[in-house]
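Student: I'd like to go through this model with you before group meeting. Could you start with how you decide what counts as covered?
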Amino acid sequence: MNLTLHLTENCNMDCSYCTREKCPKDMTEEVLYKACDLAFSKGQRAGLCFFGGEPLLKKDLIYKALSYCEAKSEQTGIRFDCKMTTNGTLLDEIFLERAVKAKMGIGLSFDGKAQDVCRFFVGGQTTSSVVEKKAKLLLSYMPDATALATIAPQAVPYYAESVRYLHDLGFSKVSFVIAYGNRVNWTDSDLDLLREQLEMTSSYLKELFIKKERFYMSAFGSKIRDCINGKNSAERCHLGVRQLPVTPDGDLYPCTSFIGDKDYLLGNVFDGIDDAKVIELAKKSSTPETCVDCDLVKRCTNSCGCANRMNTGDENKVSPLQCTYERMLIELSDALGEELYQIDPERFAKEFA
Ligand code: SF4
Ligand code: SF4
């Protein structure tokens, strides 16, 4: 099974849109090993995602988890996969050598040209020059690493420029999402500007496609893929089933935005998962009322209970912000997909089918 280990709630950065609980708590070794055992307890694949706060503040725990899980994989024949989301500031060669050995997938949280708008070290210093250096180091070890950008309203003017910058830096995969939660406030004019920036980004992606450059931007790419394959990526995200977060105390919740709400506690690493509560949660989840008759219902992230909860407080209620964003993304992705298909149908099929 797949677990996201919140190794610490501490972070060396203080981003304006961060939604984590700011209390100084680290995972103990006891919880760590129990979580590893739990990951190996179901199915033929054990997956760990190292997460925080900032997970590299607890490198020692990551090294221990890797050795323990690799040995367990060897003994049991169960496949072990790992990944990590990090702000990158503490990456170094020793860690990257170990990560390469473990075939770890690393997602670098990096907002590109918007980095210094919202993302500062604790104490207020800017982070872009440090993270740029660390991004180059990361790419030298893992050319397929992904840059993960979170765009808050005040960073929207830098959106398209950031996509270009991350590509020029050497990333071939980027993920751009908009910032949700109660620390951001989107206005209609922010959304108008976001549309302009998405249009500029779409033109840039077309330019790269014509030049035959390999570059995958998930915001557009996943919508195009889902359209031609008749799937919905978000639909695959089942609360409490696909990927469970583990808190530093060892508690299990359906997804990150539910952490701390005891009504949604699904068990802990010592006693295991309360299957009855998982089933109860699955029974409660439904398509948001406002979406049932929408033509886009199968192409939109309305079913993401985690985002819904963060935006509306209810996992089955989608926010107007998310609805507007999804509509614009689907419209622009369809237009881009159509253009790319006309330019080179064979390559289009190879990239998106
Ligand atoms: S780096 Fe991540 S965990 Fe740390 S403050 Fe920023 S968003 Fe929060
Ligand atoms: S576009 Fe809006 S109404 Fe339609 S499915 Fe998505 S969130 Fe629901």
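Tutor: A residue counts as buried if 20 or more other C-beta atoms lie within 10 Å of its own, and please keep in mind that this is a predicted model.

Student: With that cut-off, how many residues of strand E2 are buried?
Tutor: Strand E2, residues 45-51, is mostly covered, with 5 of its 7 residues buried.

Student: Which strands does E2 pair with, then?
Tutor: Strand E1 (residues 2-6) pairs with E2 in the parallel sense over 5 bridges, and strand E3 (residues 79-86) is joined to E2 by 6 bridges, again running parallel. On the E1 side, Leu5 stands opposite Phe50 of E2, while Leu48 has Cys82 in E3 as its bridge partner.

Student: And what handedness does the unit of E2, H2 and E3 have?
Tutor: E2, helix H2 (residues 59-76) and E3 form a β-α-β unit that is right-handed.

Student: Back to the interior: which residues of the largest nonpolar core touch the most other members?
Tutor: That core has 85 residues, and those touching the most other members are Leu5, Ala35, Leu48, Phe50 and Ile151. Helix H1, residues 29-39, gives the most to this core, contributing 6 residues.

Student: What is Leu5 in contact with, away from its sequence neighbours?
Tutor: Beyond four places in sequence, Leu5 is in contact with Met27, Ala35, Leu48, Cys49, Phe50, Phe51 and Val246.

Student: New topic: what surrounds ligand 1?
Tutor: The residues around ligand 1 include Cys11, Cys15, Cys18, Arg20, Glu54 and Arg119, and by class the shell has 4 nonpolar, 4 polar and 4 charged residues.

Technical notes:
Residues numbered from 1 in each chain as written. Chains lettered and ligands numbered in written order. Predicted model: local features only at pLDDT ≥ 70, side-chain atom pairs only at ≥ 80, totals over all residues. Core = buried A, V, L, I, M, F, W, Y, C linked by C-beta atoms within 7 Å. Buried ≥ 20, exposed ≤ 12 C-beta atoms within 10 Å, placed from the backbone. Helix = DSSP H or I, 4+ residues; strand = E, 2+ residues; numbered from the N terminus. Contact = placed C-beta atoms within 7 Å. Near = placed C-beta within 6 Å. Nonpolar A, V, L, I, M, F, W, Y, C, P; charged D, E, K, R; others polar. Pairing = 2+ DSSP bridges. Right-handed = clockwise from strand over helix to strand, strands pointing away.
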